[in-house]
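Q: Please take a close look at one part of this model, the sheet, and then follow the chain outward from there to the loops and helices around it. I am a first-year student, so plain wording would help.

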Amino acid sequence: MLTDTHIHLDLNEYADDLPSVLSHSETQGVSRWIVPAISLVNWARLPVLHQQYPNLYYAFGLHPWFLANETDQALIELELLLQQRPAGLVAIGECGLDGAIEVPMPLQITMLEKQLALASQYQLPVILHCRKAHNELLRIVKQFTLPRGGVWHAFSGSHQQAEQFIELGFKLGIGGVITYPRAEKTRKAVAKLPIESLLLETDGPTMPLFQRQGARNEPAYIPEVLAELAVLRQIPPDVLGDAIERNVEKMFRIPCVE
């Protein structure tokens, strides 16, 4: 059984057919999901989803894309939720830095730092978004003691960049990008990185796999990511999948799926 460690099942793209999406996912051997929030307005739905689907876990966070609509009140509410530690909460995120958007970088940095401080205080892993801001993100993360580390979500970097985060206790979210032949740098990196540092994800509904462009991404496609990773590493998919699931359970402290 596999886990999609980054899938936005709380978004409207899944609102009309979520039960069938999860049922299809399970038929493909993907029976556990981690849903990272992107803004305050999403938080209330996540514990409800966990109650409906006990193998659906979640994270509370403030994504850099949507910070223009957030205020300091969001951080206050985030800490209140962390104090309550509701069932199903396994991380803080999605948060991070994005150098390709119009949200001012000083605001992104401030909000990231405050979320990292909460991750340290409440001893939760952090799920990081990073685009065109690797050096700045690394500099900031190094300033915090993160006892549970975290995940560099949607990894598409180099071997050297990956190692810098692995040294800080992070794992790498491996998704559909490795199914693209043109992603040579990332494909070479994931072929050599320690298996203990890898997780599987889709980032649905976006980030479609190669030859699925234009279609909604779904957790049922995780086996396709695993199959490509197994080819790159020359390891049988079942052996690789079992090893990665142990990483999931260690990172998020959730029980194994029978």
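A: The answer starts with the sheet, then turns to a buried histidine, the cysteines, the loops and the helices.

The model is predicted, not determined by experiment. Its sheet is open and has eight strands, in the order S1-S2-S3-S4-S5-S6-S7-S8, with parallel pairing. Strand S1 (2-4) and strand S8 (198-200) are the edge strands, and each of them pairs on one side only. From one strand to the next the twist averages 30°. In general, the strands of a sheet pair through backbone hydrogen bonds, and the pairing is either parallel or antiparallel.

Both edges can be followed down to single residues. At one edge, S1 and S2 pair in the parallel sense over three bridges. Asp 4 has Trp 33, in S2, as its bridge partner. Strand S2 covers residues 30-36, and seven of its seven residues are buried. At the other edge, strand S7 (residues 170-174) is joined to S8 by three bridges, and the two strands run parallel. There Leu 172 has Leu 198 of S8 as its bridge partner.

Inside the sheet, strand S4 spans residues 89-98 and includes Glu 94. The peptide bond that leads from Gly 93 to Glu 94 is cis, with omega near 20°. Glu 94 is also among the residues that His 153 touches.

His 153 deserves a closer look. This histidine sits in the loop between strand S6 (150-152) and helix H7 (159-166). Its relative accessibility is 3%, and it therefore counts as buried, the cut-off being under 20%. Leaving aside residues up to four places away in sequence, His 153 touches His 6, Glu 94, Ile 127, Leu 128, His 129, Gly 173, Glu 201 and Asp 203. Of these, Gly 173 falls within S7, which covers residues 170-174. Ile 127, Leu 128 and His 129 fall within strand S5 (126-131).

Next come the cysteines. A disulfide is a covalent bond between the sulfur atoms of two cysteines. The model has zero disulfides. Cys 95 is in none, and the nearest cysteine sulfur, that of Cys 130, is 11 Å away. A disulfide needs two sulfur atoms within 2.5 Å, so at 11 Å the sulfurs of Cys 130 and Cys 95 are too far apart for a bond. Both residues are buried: Cys 95 has a relative accessible area of 0%, and Cys 130 has a relative accessibility of 15%.

After S5 the chain enters a loop that leads to H6, and Lys 132 lies in this loop. Lys 132 has a positive phi of about 55° although it is not a glycine. With a relative accessible area of 72%, Lys 132 is exposed. Asn 135 belongs to helix H6 (residues 134-141). This asparagine is exposed as well, with a relative accessible area of 62%. The C-alpha atoms of Asn 135 and Ala 15 are separated by 37 Å, and the two residues are 120 residues apart along the chain.

A further loop runs between S8 and H9, and Pro 205 lies in it. The peptide bond from Gly 204 to Pro 205 is cis, with omega near 10°. Gln 211 is found in the loop between S8 and H9 too. Its phi is positive, about 70°, although Gln 211 is not a glycine. Gln 211 is exposed, with a relative accessible area of 65%.

The last part concerns three helices. The axes of helix H8 (residues 184-192) and H9 come within 8 Å and cross at roughly 75°. That makes H8 roughly perpendicular to H9. In this contact Arg 187, Val 190, Ala 191 and Lys 192 of H8 meet Glu 228, Leu 229, Leu 232 and Arg 233 of H9. By class, these residues are four nonpolar, no polar and four charged.

Helix H9 (residues 222-233) also meets helix H10 (residues 237-252), where the axes come within 9 Å and cross at roughly 105°. H9 and H10 are therefore roughly perpendicular to each other. The contact is made by Leu 226, Leu 229, Ala 230 and Arg 233 of H9 and by Pro 237, Leu 240, Gly 241 and Ile 244 of H10. Six of the residues in the contact of H9 with H10 are nonpolar, one is polar and one is charged. Leu 229 and Arg 233 of H9 take part in the contact with H8 and in the contact with H10.

Notes
Residues are numbered from 1 along each chain as its sequence is written. This is a predicted model: local features need pLDDT of at least 70, side-chain atom pairs count only at pLDDT 80 or more; totals for chains, interfaces and linings use all residues. Side-chain values use heavy atoms; hydrogens and water are left out. Buried means under 20% relative accessible area, exposed over 50%, partly exposed in between (1.4 Å probe, protein chains only). Two strands pair if DSSP finds at least two bridges between them. Helices (H or I, at least four residues) and strands (E, at least two) are DSSP runs, numbered from the N terminus. Axes are lines fitted to C-alpha atoms, for helices over the stretch in contact, and angles run from 0 to 180 degrees between N-to-C directions. Angles under 35 degrees count as roughly parallel, over 145 as roughly antiparallel, 65 to 115 as roughly perpendicular and the rest as oblique. Contact means heavy atoms within 4.5 Å. Ala, Val, Leu, Ile, Met, Phe, Trp, Tyr, Cys and Pro count as nonpolar, Asp, Glu, Lys and Arg as charged, and the others, Gly among them, as polar.
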